[in-house]
Every structure is written in structure tokens, then in C-alpha cells.
Amino acid sequence: MTQVPSELVDKIIDNLEGDAPSLLSCCRAARTFVQPSQMRLFKKVTILATSDGDPCYKFYNSITNSPHLASFVQELSVDMLQPGARAVHMGGRSYCSSWIMEHDTKLSKILPRLRLKHISLYDNTPAYQQTFPMDWTRLGPALLYALTAVFSSPTLESVHLKGWQLSSPQQLLSLFAKSKALKSLSISRLSFDRSGQWSTSAPWLPKLASLSILELEGKQTSSSFLHPQIDLSGITTLVVASGSQRRIMEPDVVKGLEHLSVYLGGSLDPKSFLTPNLRSIHLYAHNLDTVMLALFQSIPENSRLERITLDVYASHAAVDVKSRVFDNTMESRISSHLHSLRIVEIRCVLMHGEERGFFAWTERVRMAFQCLQSRGLLGFKRLSDSEYLEMWK
């Protein structure tokens, strides 16, 4: 085959990123294509749990037989729970046996060979099951050491943990205390044996730009981040659904936010988090009327807000189509404060059997919010109950 210029090869391969079959074909096409194709193929690696055996075995063999492949891996996602795993109920919690708890898993030998930018260790079961397949306190010593090294790596920028059992929130924070490069942390469905705060004398080095905490069944995680040694002032993206979300919505935390998602399960005042810098906001609301009115009344002057997204259950989100308070308030705020607003999207959560009523419900909402409708700012989307649970739990 005629030699192809490297610049052209890179352009071809860039257009195929994410298309594994085509990249594999490129590996076989010519020697010039091999390394660029391998770099894209192994940039993101996902290890999916299998019904039996160690799911890491095939990937371990690949980087053992071809060691250079390990240097291409930047992102690693690990599904910790086998399909069909049965839950055991103990102490009010559900535990599932996981391959990751086996002491001979190859994951402990894979991790030291990688220089990861992102790692995700998650339980992929539905949110309502509340399982915890990863128990940090009972992890094998080899994997414990390997994961600890990854979490303190100078290259690690992003972490996602879901379905973990730990001794305390302090233990969770200690895993990342030395992660200077860490910018994004996403944690959900964690369980703790006891409460515990960060030590006042120990430094916590990460300077997070993005933080996501989903713990509607508890409140220990979010409150544990509020400590003088933990700097949250650089956060621009915050997702929080927690029993103690009011505490984390402090002025020092919210002042730099550009993107915020928050579960309004209680009476959280929008004035506490609506700042001029905010560009997008995503809320779950029990009462559409009340939240929409409070939201627009709290919009500050010179707001940069471009997008408002509200998640509501159709059965809980009745609207008063006769009230003109909404329209008057919205018209006033859009004209004076919201010059950047592009869309107000209402995402309706539909339970089984409610699908037929979706159109009638959206018509009532359009009538109630005629100002948004006439300006072309109002949009709708249907959500299944499982999609809602995945977003907020």
C-alpha cells in the first residue's frame, strides 16, 4: 500500500473515534494505521461484569502480550456486579457478592500499568435496589493498594464511584486527599458504617471544578465536604440530591457556579443558589407552580442564565391555568433580567398508565405559562420512572 501522510491518517482516524469495528479494520489495513487506531481503541476501556469468572482476564492478557497498549488507556470503567447477582439483606441494607471482592482478580495487576485520567467503579443495578457490591473495608490487599495508588495518581482528573460501602465519610475523603490533579468527583449510592468528619490538621489537596453527590437516602456525604481544609470555591458544576443539601449550598460554594442540578425535596430557597454567574439550572420539584414562581422571582439582575430544566411527576404537578401571576412575573423577569435565556424545558416523569395523559398535561402547562410559550422558550420531554431514578438517585 502506498505510504499515506501521517496528517491524513490522523484525520481519518479522528473521524472514526468510537467506531470500534472500523478502527479494527484500520489496524489491519496498513502498518501506518496501526498505532493511531490502537490509541483510539484503547483510550476508553470498559470492563463489564460477566456471569462467571474474572471479567478482567481478556484485557489483562492484551496488555501483557502487547505492553504498549497500556500507555494508550486514559479512561477505565468497571462494572462491579455480575448479571443476576442475588442480594443479601443485612442491617437494613442490600449486599451483593461481586467479582471485584475476589482476592485473585486481575484488576490488581492491571491498574499499576495504567496512567489513568478517569476511573469509574460502579454498580449498574437499578437505583431503587440500593445495593453495595464494593466493600472497601474487605477488599483484597493487592487491589486495595492498587486502587489507593490510582486515587493519588498525579494524572487522575476524574472519578465516579457508585455502590460503595465504606467505614465513614472520612475514609472516602482520605482516598483522594493527595489527588492534586483531581477536578471532577461523582459519587452516588454510598453507604457508611458510621459518621465521621475530615481531620482539621490534614490537608485535602484536590481543587474540584465539578462535584456530583447523589444520596437522597442519607446526608453524610455532602455535609462531610464542608470543612475549612476542603476548598470548594473553584466548583463550576454542582449536582446535589441529598438530605443535607442546604448545608452544601453555602455562599462560598455557589458563588462561582455556572451549572447546577439540585433536588428540591424540601423548602430550599432559590435565592440561596441563584447567582448572576449561573448559566444552567436543573431542578427536581414536587410542585411545578410553586417552584416556577419562586425561581423567576429570585432571578438576580444581569443573570447569565441560558437554560432552565425542571423534572416533575405529572401526577404531582398540577398547574393553575387561570392564574396570571406566573405570566406577569415571567414577563417582567425575562424583559429585565433574563436576556440570555434560551429554553425552559419541563421533563415530565410518567408512571405506568399515564402516557395517554401527557399531551393534555402539556397543553395545561402551555396555557399556564403563555409568556414562555409565545416567546418559543417552552419545551417538554417525557421521562420514564427509571430515567428519573438514574438521574437523581
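Colleague: Contact means that heavy atoms lie within 4.5 Å. With that in mind, which residues is His118 in contact with, leaving aside its neighbours within four places in sequence?

Modeller: This is a predicted model. In it, His118 is in contact with Gln74, Glu75, Leu76, Leu156, Ser158, Val159 and His160, once neighbours within four places in sequence are left aside.

Colleague: Where is His118 found?

Modeller: His118 is found in strand S5, which covers residues 118–122.

Colleague: Is His118 buried or exposed?

Modeller: His118 counts as buried, because its relative accessibility is 17% and buried means under 20%.

Colleague: Which side chain does the side chain of His118 make a polar contact with?

Modeller: The partner is the side chain of Ser158, and the polar contact spans 2.8 Å. Ser158 also appears among the residues in contact with His118.

Colleague: Let us step back to the whole protein. How many helices and strands does it have?

Modeller: There are 15 helices and 17 strands in the protein. The chain has 393 residues, and 50% of them count as buried.

Colleague: And what about the area that the protein exposes?

Modeller: The exposed area is about 18900 Å², and carbon and sulfur atoms supply 50% of it.

Colleague: What share of the contacts with a separation of 6 or more comes from residues 24 or more positions apart?

Modeller: Such residues account for 72% of those contacts. Gln165 and Met134 give an example of two residues apart in sequence: 31 residues separate them along the chain, while their C-alpha atoms are 5.9 Å apart in space.

Colleague: Where does Gln165 sit, then?

Modeller: Gln165 is part of strand S8. Its relative accessibility is 1%, so Gln165 counts as buried.

Colleague: Which side chains are joined to that of Gln165 by polar contacts?

Modeller: One polar contact, of 2.9 Å, joins the side chains of Gln165 and Ser191. Another, of 2.5 Å, joins the side chains of Gln165 and Asp193.

Colleague: New topic: aromatic rings. How many aromatic pairs does a search of the whole structure find?

Modeller: The search finds eight aromatic pairs. One of them is formed by Trp136 and Trp164; it is stacked, with 5.5 Å from centre to centre and 15 degrees between the planes.

Colleague: Which parts of the chain does that pair link?

Modeller: The pair links distant parts of the chain, 28 residues apart. Trp136 is in the loop between strand S6 (134–135) and helix H6 (141–151), whereas Trp164 is in strand S8, residues 164–166. Both Trp136 and Trp164 are buried.

Colleague: Why is the pair of Tyr284 and Tyr313 edge-to-face?

Modeller: Their planes are at 80 degrees, with ring centres 6.4 Å apart, so the pair is edge-to-face; the cut-off for that class is over 60 degrees. Tyr284 lies in strand S14 (residues 280–285) and Tyr313 in strand S15 (residues 307–313), so the pair ties together parts that are 29 residues apart in sequence. Tyr284 and Tyr313 are both buried.

Colleague: Which residues do ring pairs link into a cluster?

Modeller: The cluster consists of Trp136, Phe151, Trp164 and Phe176.

Colleague: On to the backbone. What is phi of Arg189?

Modeller: Phi of Arg189 is near 50 degrees, a positive value in a residue other than glycine. Most residues other than glycine have a negative phi. Arg189 lies in the loop between strand S9 (184–188) and strand S10 (191–192). With 3% relative accessibility, Arg189 counts as buried.

Colleague: And Asn302: what is its phi, and is Asn302 buried or exposed?

Modeller: Phi of Asn302 is near 55 degrees, also a positive value. Asn302 has 64% relative accessibility and therefore counts as exposed. Its place is in the loop between helix H11 (288–298) and strand S15.

Colleague: Finally, what volume does the largest pocket have?

Modeller: The volume of the largest pocket is about 470 Å³. It is lined by 18 residues, and the closest to its centre are Leu41, Phe42, Lys44, Val45 and Thr46.

Colleague: Which elements give two or more residues to the lining of the largest pocket?

Modeller: They are helix H2 (20–29), helix H3 (31–41), strand S1 (44–47) and helix H4 (57–65). Strand S1 gives the largest share of the lining, four residues.

Technical notes:
Residues numbered from 1 in each chain as written. Predicted model: local features only at pLDDT ≥ 70, side-chain atom pairs only at ≥ 80, totals over all residues. Heavy atoms only, no water. Phe/Tyr/Trp six-rings, centres within 6.5 Å; stacked < 30°, edge-to-face > 60°. Buried < 20%, exposed > 50% of the residue type's maximum accessible area, 1.4 Å probe, protein only. Areas by Shrake-Rupley, 256 points an atom, 1.4 Å probe, with all protein chains shown as cover. Polar contact = N/O pair within 3.5 Å; in protein donor to acceptor, adjacent residues only side chain to side chain. 1 Å grid on protein atoms, 1.4 Å probe; cavity = no way out; pocket = protein on both sides within 12 Å on 5 of 7 lines; lining within 4 Å. Points joined across faces, edges and corners; volume = space filled by probe spheres on them.
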